[in-house]
Protein chains: 2
Amino acid sequence: MLLRVFKNSLESVVVMLRSQKEKAIEFRKMHQSGDILVLPNAWDVPSARIFEQAGFPAIGTSSAAIAISLGYPDGQKITRDEMLQVVERIAKSVSVPVTADMEAGYGESATTVADTAKRVIAAGAIGLNIEDSTKRPDHPLFDVEAQVRKIAEIRKIGDRSDVPLVINARTDVLILGQADKSSRLREAIDRGNAYNNAGADCFFPVGAIDSQTISEITRQVPCPINILATNGVPSVPELKRLGVRRVSVGSGPARATFGLVRKIAHELRESGTYVNLLNGAPTLAEANSLVRPS
Amino acid sequence: MLLRVFKNSLESVVVMLRSQKEKAIEFRKMHQSGDILVLPNAWDVPSARIFEQAGFPAIGTSSAAIAISLGYPDGQKITRDEMLQVVERIAKSVSVPVTADMEAGYGESATTVADTAKRVIAAGAIGLNIEDSTKRPDHPLFDVEAQVRKIAEIRKIGDRSDVPLVINARTDVLILGQADKSSRLREAIDRGNAYNNAGADCFFPVGAIDSQTISEITRQVPCPINILATNGVPSVPELKRLGVRRVSVGSGPARATFGLVRKIAHELRESGTYVNLLNGAPTLAEANSLVRPS
């Protein structure tokens with residue numbers, strides 16, 4: 001009896017791991033098809049479920065949106081545990097692959113960052129974002145070598161575990177670099193190549209906005225490129241033409257909801273009416289159906 | 001030295017309690033002025049902060065919105081601990097009084113419900129909603145006597161503690177009652193009187209939509225009446241004319257944001273454009289400034 005229980009648990013663990021492994025493999029393939037992967041970023045269960053129901057084949061998290069929703073400003077002020085708790089909740093709530101935005105890895109050493117990668121797998125995610133900003137204004141970017149060591153360690157974690165983690169290496173050099181625009185672009189391209197050589201599957205140059213910058217990067221960095229859709233960025237079909245393989249939206253959807261809450265608040269205070277409150281809102285029954293019974 | 005540390009901690013605890021006590025007193029007074037109290041319902045830190053910045057003098061929580069945001073359907077499926085954790089996070093993030101929606105009190109006995117009330121105070125809130133629905137379809141409402149015992153126990157907790165809890169007694173008889181409409185209204189009024197006699201500060205008849213029902217209740221229940229602003233409910237100025245003292249919005253704002261996320265998702269999938277994503281969204285810097293550094 002006890003043996004059978006043990007065998008059953010073991011089997012379900014194996015099934016769970018295989019399924020997570022399969023998700024990682026599927027997710028990597030989504031970058032390699034001829035199409036462009038549009039990856040919406042969730043910050044809680046309902047946002048993740050809405051994205052899944054809308055038909056997205058995979059979901060990212062937004063570290064900024066998760067941090068802010070829990071009361072922390074963006075920039076690794078939230079603890080790794082709290083961030084991973086939300087990642088786990090989101091990964092459990094959907095059946096599509098989930099990739100976790102883990103900021104700069106919640107530690108400076110390659111060992112700590114590797115541990116973060118292990119914990120991302122344990123939380124049920126199949127990929128992660130790792131960025132090269134230090135969160136220190138006096139020295140805003142990690143040196144390429146230090147960042148490369150971290151990416152290589154994460155690659156090892158993915159290779160040794162049963163889940164072949166998809167690594168999205170983000171550079172903040174375009175927004176935080178000290179040099180002029182063309183030198184920053186040169187450095188971003190160099191970092192993209194270095195990160196890819198270290199084992200990154202995808203390169204994420206935040207701050208690449210205009211078509212020329214974007215196509216320069218897609219031509220000169222051989223791995224799939226992730227562009228952040230924000231003000232001034234070309235539409236998804238145009239990004240596809242520029243050779244972009246993955247588009248994400250960061251904290252955009254969460255911030256859009258903050259804008260709506262502000263509108264609702266002002267209308268309630270000023271005219272005491274409910275237009276913004278009621279317009280387009282699902283019923284409570286529909287909202288309940290977004291989340292599965294526990 | 002140790003004594004001084006002890007004295008200082010004691011003083012800061014006293015200051016904290018006094019301030020919470022003052023908030024409870026202020027919040028009770030908001031029901032007794034000639035004006036109507038509009039109480040928006042938050043479910044996370046940014047929604048609470050946006051409501052505070054918009055000038056609302058107090059904030060409620062929405063148990064449905066909190067539960068759904070954590071992946072539970074509405075109806076006391078979430079644990080009391082998880083609900084209180086969010087209440088505490090919200091109460092800590094704003095300086096206005098916060099009242100907590102505690103569903104049916106997370107237990108059936110008066111003792112358990114009283115314990116819930118103690119924990120609401122410990123979480124930093126100064127009032128609570130307590131409803132009479134059982135969450136059991138075969139017997140949807142608690143008997144008046146049982147509900148009255150719970151309200152009386154909560155009243156004792158408020159009176160014995162330093163924080164004079166503001167009790168909002170909710171009845172679901174208008175939406176869950178078995179009888180015809182006029183008998184349900186009669187029963188709602190009877191329950192309102194019984195709950196008020198047991199120590200409730202405010203009565204909350206969910207499902208009171210039309211002006212006639214609302215004014216019948218405000219005329220026949222002597223304590224302040226809370227109306228839920230939803231489809232078909234008169235605007236705030238009209239509710240004021242009907243004698244209503246408090247308006248809340250429940251899970252409405254959260255559900256409105258779900259509607260917006262759905263729109264953003266469909267636009268991204270279909271045209272690959274960012275109109276709904278960018279329109280009216282605060283910048284990341286503005287979103288960061290919503291939350292205080294920890």
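**Entry 1: a salt bridge within chain A**

I began with A:E131 and found that this residue forms a salt bridge with A:R170, with the closest N and O atoms 3.4 Å apart. I then placed the two partners: A:E131 sits in strand β5 (residues 127–131) of chain A and A:R170 in strand β6 (residues 166–171) of chain A, so the pair ties together parts that are 39 residues apart in sequence. I note here that I am working from a predicted model, and that what I write down is computed from that model.

Searching the whole structure, I obtained 40 salt bridges over all chains. I next asked how many salt bridges the rule finds across the interface of chain B and chain A. The count there is 0.

**Entry 2: how the two chains are related**

I superposed the copies and saw that a turn of 180°, with a shift of 0.0 Å along the axis, lays chain B on chain A with an RMSD of 0.0 Å. This is the relation of a two-fold axis. Looking along chain B for the residue that comes closest to the rotation axis, I arrived at B:T257, whose C-alpha is at 2.6 Å.

I also compared the contact residues of the two copies: 100% of those of chain B recur in chain A, and the same surface therefore serves both copies.

**Entry 3: the interface**

For the contact itself I counted 67 residues from chain B and 67 residues from chain A. The area buried between chain B and chain A comes to about 5,500 Å², and carbon and sulfur atoms give 71% of that area.

**Entry 4: cavities**

I searched the whole structure for enclosed space and recorded 3 cavities of 30 Å³ or more. The largest cavity holds about 190 Å³ of space. I looked up its lining, which consists of 16 residues, with A:D44, A:S69, A:L70, B:S69 and B:L70 the closest to the centre. The elements giving two or more residues to this lining are α4 (80–93) of chain A and α4 (80–93) of chain B. Sorted by class, the lining of the largest cavity has 10 nonpolar, 2 polar and 4 charged residues.

The second largest cavity contains about 120 Å³ of space. Which residues lie nearest its centre? Of the 15 residues that line the second largest cavity, I noted A:W43, A:D44, A:T257, B:W43 and B:T257 as the nearest; B:T257 I had already met as the residue of chain B that comes closest to the rotation axis. At least two lining residues each come from α2 (45–53) and α11 (252–270) of chain A, and likewise from α2 (45–53) and α11 (252–270) of chain B. By class, I recorded 9 nonpolar, 4 polar and 2 charged residues in the lining of the second largest cavity.

Definitions and conventions. Residues are numbered from 1 along each chain as its sequence is written. Chains are lettered from A and ligands numbered from 1 in the order in which they are written. This is a predicted model: local features need pLDDT of at least 70, side-chain atom pairs count only at pLDDT 80 or more; totals for chains, interfaces and linings use all residues. Side-chain values use heavy atoms; hydrogens and water are left out. On a 1 Å grid over the protein atoms alone, a cavity is a set of points where a 1.4 Å probe fits but cannot get out, and a pocket is an open set with protein on both sides within 12 Å along at least five of seven lines; lining residues have an atom within 4 Å of a point. Grid points are joined across faces, edges and corners, and a volume is the space filled by probe spheres set on the points. Helices (H or I, at least four residues) and strands (E, at least two) are DSSP runs, numbered from the N terminus. Ala, Val, Leu, Ile, Met, Phe, Trp, Tyr, Cys and Pro count as nonpolar, Asp, Glu, Lys and Arg as charged, and the others, Gly among them, as polar. Copies are superposed by least squares on the C-alpha atoms of residues with pLDDT of at least 70 in both. Contact means heavy atoms within 4.5 Å. Buried area is the accessible area (1.4 Å probe) that two parts lose on being put together, summed over both. A salt bridge is a side-chain nitrogen of Lys or Arg within 4 Å of a carboxyl oxygen of Asp or Glu.
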